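This report describes one protein chain for a reader who has not met it before. Please look over the sequence and the model shown here before reading on.

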Amino acid sequence: MPDKVKCTVCGNPVSLRYEPMDEWGIKGPLCGKCYSQKISEHYPGKHVRVSLYEKKEV
Ligand SMILES: [Zn+2]
């Protein structure tokens, strides 16, 4: 069985998984995009940047 991790929010396959915070009420991994979106939703004052460029080796 392939162990493909899917984003709990958008359902896209996740290569680099992010763990949601407990207070978000999400039980499952997130992709970087949804993670940073949740961060900005829940913590609007903080400009937390998720490094989405780590994977790219251009
Ligand atoms: Zn997602």
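## Val5 and its surroundings

Val5 is partly exposed, because 14 other C-beta atoms lie within 10 Å, a count that falls between the limit of 12 or fewer for exposed residues and that of 20 or more for buried ones. The model in which Val5 is described here is a predicted one. Val5 belongs to the segment before α1.

Apart from neighbours within four places in sequence, Val5 is in contact with Pro13, Val14, Arg17 and Pro29. Val5 and Ser15 are separated by 10 residues in sequence, and their C-alpha atoms are 7.4 Å apart in space. A further pairing joins Val5 with Gly28: these two are 23 residues apart along the chain, with 9.2 Å between their C-alpha atoms.

## Two glycines before the helix

Gly28 also sits in the segment before α1. Gly28 has 13 other C-beta atoms within 10 Å and is therefore partly exposed.

Gly11 is placed in the segment before α1 as well. Gly11 has 10 C-beta neighbours inside 10 Å, so Gly11 counts as exposed. From Gly11 to Cys31 the sequence separation is 20 residues, while the C-alpha to C-alpha distance is 8.9 Å.

## Trp24 and the helix

Trp24 lies in the segment before α1, and α1 itself covers residues 32–42. With 15 other C-beta atoms within 10 Å, Trp24 is partly exposed.

Which residues does Trp24 contact, leaving aside its neighbours within four places in sequence? They are Lys38 and His42. Trp24 can also be paired with Glu41, which is 17 residues away along the chain; the C-alpha atoms of Trp24 and Glu41 are separated by 9.8 Å.

## The buried face of α1

Within α1, the residues Cys34, Tyr35 and Ile39 are buried. Viewed down the axis of α1, its buried residues fall within an arc of 145°, and so they line one face of the helix.

## The chain as a whole

The protein chain contains 1 helix and 0 strands. It has 58 residues, of which 12% are buried.

How much of the contacts in the protein chain with a separation of 6 or more comes from residues 24 or more positions apart? Such residues account for 18% of those contacts.

Terms used: Residues are numbered from 1 along each chain as its sequence is written. This is a predicted model: local features need pLDDT of at least 70, side-chain atom pairs count only at pLDDT 80 or more; totals for chains, interfaces and linings use all residues. Helices (H or I, at least four residues) and strands (E, at least two) are DSSP runs, numbered from the N terminus. Two residues are in contact if their C-beta atoms, placed from the backbone, lie within 7 Å. The arc is that of the directions from the helix axis to the C-beta atoms.
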